[in-house]
Amino acid sequence: VEAYMHFIQHNAEMAVRNMLKKFASSHGARASAIDYLDDGSPIQLTIDIDPETGNACFDFEGTGPQILGNLNAPPAVTYSAVIYSLRSLVG
């Protein structure tokens, strides 16, 4: 069971890396976007992709500061959202 679990994780990693390499080859190695929360706080994301390895750096610099309320995302939630988004983009 443990060996099969590692196979599934490796397969998922390779699928994401291949998707990122394909994206970089057709759209460039850098992508960025900005959106706004209900209160107007910006969420800015820049993704730098290594087109040879499929490594990616997700940079949220430019995102608004922590606010008083329930719209903040701690690091664990942010990591989970990035991973979920990547997995949903894989064919």
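In helix α1, the residues A12, V16, M19, L20 and A24 are buried. I should say at once that we are looking at a predicted model. "Buried" here has a definite sense: the relative accessible area is under 20%.

How are these positions related along a helix? An α-helix has 3.6 residues a turn, so residues three or four places apart point the same way. Please keep that rule in mind as you look at the buried positions, which include V16 and L20.

What do the buried residues of α1 pack against? Their partners are β2, β3 and α2, the last of these covering residues 75-89.

Let us now consider the helix as a whole. Helix α1 covers residues 2-27, which makes 26 residues. From its first C-alpha to its last, α1 reaches 37 Å, close to the 38 Å expected at 1.5 Å a residue. After α1 comes G28, with a positive phi near 100°.

I turn next to the strands. In what order do the 3 strands stand in the sheet? The order is β1-β2-β3, the sheet is open, and the pairing is antiparallel. β1 and β3 stand at the edges with a single partner strand each, so one side of each has no neighbour in the sheet. From one strand to the next, the twist averages 15°.

We may take the two pairings in turn. Strand β1, residues 30-36, is joined to strand β2, residues 42-49, by 7 bridges in the antiparallel sense. Within this pairing, S32 has T46 as its bridge partner, and I34 has Q44. The hairpin of β1 and β2 has 5 residues between the strands, and G40 takes a positive phi near 95° there.

On the other side of the pairing scheme, 4 bridges join β2 to strand β3, residues 56-59, and these two strands also run antiparallel. Here D48 has C57 as its bridge partner, while T46 stands opposite D59. T46 is thus a residue to find in both pairings, since it is also the bridge partner of S32. The hairpin of β2 and β3 has 6 residues between the strands, and in its turn G54 has a positive phi of about 85°.

Finally, how does the helix lie relative to the sheet? Helix α1 lies across β1, β2 and β3, and runs at about 95° to β2. With that arrangement in view, we return to the starting point: the buried residues of α1 pack against β2, β3 and α2.

Notes:
Residues are numbered from 1 along each chain as its sequence is written. This is a predicted model: local features need pLDDT of at least 70, side-chain atom pairs count only at pLDDT 80 or more; totals for chains, interfaces and linings use all residues. Side-chain values use heavy atoms; hydrogens and water are left out. Two strands pair if DSSP finds at least two bridges between them. Axes are lines fitted to C-alpha atoms, for helices over the stretch in contact, and angles run from 0 to 180 degrees between N-to-C directions. Contact means heavy atoms within 4.5 Å. The expected span of a helix is 1.5 Å times one less than its number of residues. Buried means under 20% relative accessible area, exposed over 50%, partly exposed in between (1.4 Å probe, protein chains only).
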